[in-house]
Amino acid sequence: MSSIDVTLRTLKLVSPEASCNTDLTKGPWLFDTGGPDYGPGSSQQDVAPANTPRQGQIPVEYQDASDQELTNRILAAKQTLGERLVILGHHYQRDEVVAFADFVGDSFQLANAAQTREKAEYIVFCGVHFMAETADILSSENQSVILPNLAAGCSMADMADESSVEECWEQLMDLYKDERTDDGKASVIPVTYMNCSAALKAFVGKNGGIVCTSSNAATVLEWAFERGQRVLFFPDQHLGRNTAKAMGVALEHMPMWNPRKALGGSDARTLLDAKVILWHGFCSVHKRFNVGQIQKARTEHPGVQIVVHPECPMPVVDAADMAGSTDYIQKAVAAAPAGSVFGIGTEINMVNRLAAEHPEHTIFCLDPLICPCSTMYRIHPGYIAWVLEALVAGEVVNQISVPASVAADAKVALERMLAARP
Ligand code: SF4
């Protein structure tokens, strides 16, 4: 049983009113039922689109294997494959997965890592679907990117689908068609957070736009404002709002676009005055954080430093001492003098790992209820053993392959991002 399993079970006993489904403690294969579903965890209330990638059942031998047996099998396969293999792991993966990663990072760092591991024939991506797509786009033709569990998607990414964004774009183009700009700037520049499908990255590439991550969102918005009057930012409203607000954009110039409403639920005047049009998307992990948790942490731990991820709602970011990407959070903790106290607002696996790596500090998660990302949690050593042993046997399973026509436009947008370093 993993440390997080133990913690979840303990919390179930002490917190019966808990809203996070603790069925996460069971094997993820129990949720590979073939239906569109994120499974338990933070996204359990989110609606998965019908076309969400699904994972079939992996062989029972991987479901029944003990932790030690899976470890032995994964290490043996890694040794056999040698430099032909690289395993990438996102910070939000559980410890039992991160233990096998050759490189751990945030989505920006992993995008770079995928591009620079030229010797590896196989990139096994322990993250979520959009990250594996990005790795496939940036890697060379003779490399295969593998996602150990196809159901490891992202509910936030699914909140912006291609047809809804195209429909929004058509309405905006129609609204801005008579706009005159003396400086030759475009009426609107599309900016997508990395957390979206390859099709949407291609959309921004085709329409003069760019991708951003939480590491470089401000740099990317500056890039966009040099080229356009305003920005359409999707899918995460919170990253867009927090970043633009920090750059001095007034809240009244940041209307929300709800794809289920006419003109996004806004009106023509508001959209003409807009500087950043925010898509109605969010991360179900980070929306769990609230100002009350910060106030409680300050009361119970005088001198605590509150560090949160910019996917948190704006009042949380405003009430925090610092806000930044996972890389930023990691560096803030590493740079602090021994004895520091941190209340952190991001995914629990990363917070627990930081606490273990920095025993000289007191580090805790602001959310008292441990509720991991439902989709990151779909990766488990059982799936890693399955994909690696298939590779040893000469078979590539769960390959993520972006069609060349989509990849070409998406790459344009990604390369603009990689050039726009934080
Ligand atoms: S933490 Fe949030 S944004 Fe990241 S994969 Fe999970 S749902 Fe998506």
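Hi everyone, let me start with one cysteine: C154 is buried, with 26 other C-beta atoms within 10 Å. Please keep in mind throughout that this is a predicted model. C154 sits in the loop that runs between β4 (144–146) and α7 (162–176). Leaving aside residues up to four places away in sequence, C154 touches V128, H129, F130, N195 and T375.

Why start there? The UniProt record, an unreviewed entry, places the feature "binding site" at C154, C283 and C373. These three span 220 residues in sequence, yet no two of their C-alpha atoms are more than 9.2 Å apart, so they gather at one spot.

Let's look at another of the three. Is C373 buried or exposed? C373 is buried, with 27 other C-beta atoms within 10 Å. You'll find C373 in the loop between β13 (362–365) and α16 (381–392). Again without counting residues up to four places away in sequence, the contacts of C373 are G41, S42, Y92, V285 and E347.

Now, the other set of annotated positions. The same kind of label, "binding site", is given by UniProt (unreviewed entry) to H90, S107, Y193, M194, N195, S214, H309, P310, E311 and T326. One of these, N195, you have already met as a contact of C154.

I picked two residues from that list to show you. M194 is in the loop between β5 (186–193) and α8. M194 has 26 C-beta neighbours inside 10 Å, so this residue counts as buried. Setting aside residues up to four places away in sequence, M194 touches S107, F130, T134, V211, C212 and T213. Among these, S107 is itself on the UniProt list, and F130 is also a contact of C154.

The second pick is T326, in helix α14 (residues 326–335). T326 has 24 other C-beta atoms within 10 Å and is therefore buried. Which residues does T326 touch, if we don't count those up to four places away in sequence? They are H91, D106, H309, T346 and M350. H309 from that group is annotated in the UniProt record too.

Let's move on to the helices. F130 and T134, which touch M194, both belong to α6, where H129, F130, M131, A132, E133, T134, A135, D136, I137 and L138 are buried. That is 10 of the 10 residues of helix α6 (residues 129–138), so the helix is mostly covered. What does the covering? The elements over the buried residues of α6 include β1 (85–90), α5 (107–116), β3 (122–126), β4, α8 and α17.

Two of those, α8 and α17, also pack against each other. Helix α8 (residues 198–206) and helix α17 (residues 404–419) meet at an angle of about 65 degrees, and their axes are 7 Å apart. The two helices are therefore roughly perpendicular to each other, and their crossing is left-handed. On the α8 side the contact uses A198, A199, K201, A202, V204, G205 and K206, and on the α17 side V406, A407, D409, A410, V412, A413 and L414. By class, the residues of this contact are 10 nonpolar, one polar and three charged.

Helix α8 has a second partner, α7. The axes of α7 and α8 come within 9 Å and cross at roughly 25 degrees, which makes α7 roughly parallel to α8. E162, V165 and E166 of α7 make this contact with A199, L200 and F203 of α8. Here the division is four nonpolar, no polar and two charged residues. If you're following on the structure, A199 takes part in the α17 contact and in the α7 contact.

A general reminder for reading these lists: an α-helix has 3.6 residues a turn, so residues three or four places apart point the same way.

Last stop: α9 and α10. The axes of helix α9 (residues 217–227) and α10 come within 10 Å and cross at roughly 75 degrees, so these two are roughly perpendicular to each other. A217, A218 and L221 of α9 meet L239, T243, A244 and A246 of α10. This contact has six nonpolar, one polar and no charged residues.

How much of α10 is buried? Eight of the 10 residues of helix α10 (residues 237–246) are buried, so the rest of the structure largely encloses this helix. The buried ones are Q237, H238, L239, G240, R241, N242, T243 and A244. After α10 comes G248, with a positive phi near 100 degrees.

That's my tour, and I'm happy to take questions!

Notes: Residues numbered from 1 in each chain as written. Predicted model: local features only at pLDDT ≥ 70, side-chain atom pairs only at ≥ 80, totals over all residues. Axes fitted to C-alpha atoms, helices over the stretch in contact; angles between N-to-C directions. Helix = DSSP H or I, 4+ residues; strand = E, 2+ residues; numbered from the N terminus. Parallel < 35°, antiparallel > 145°, perpendicular 65-115°, else oblique. Left-handed = near helix turned anticlockwise from the far one by under 90°. Contact = placed C-beta atoms within 7 Å. Nonpolar A, V, L, I, M, F, W, Y, C, P; charged D, E, K, R; others polar. UniProt positions renumbered as here; feature names shortened; annotations may be inferred. Buried ≥ 20, exposed ≤ 12 C-beta atoms within 10 Å, placed from the backbone.
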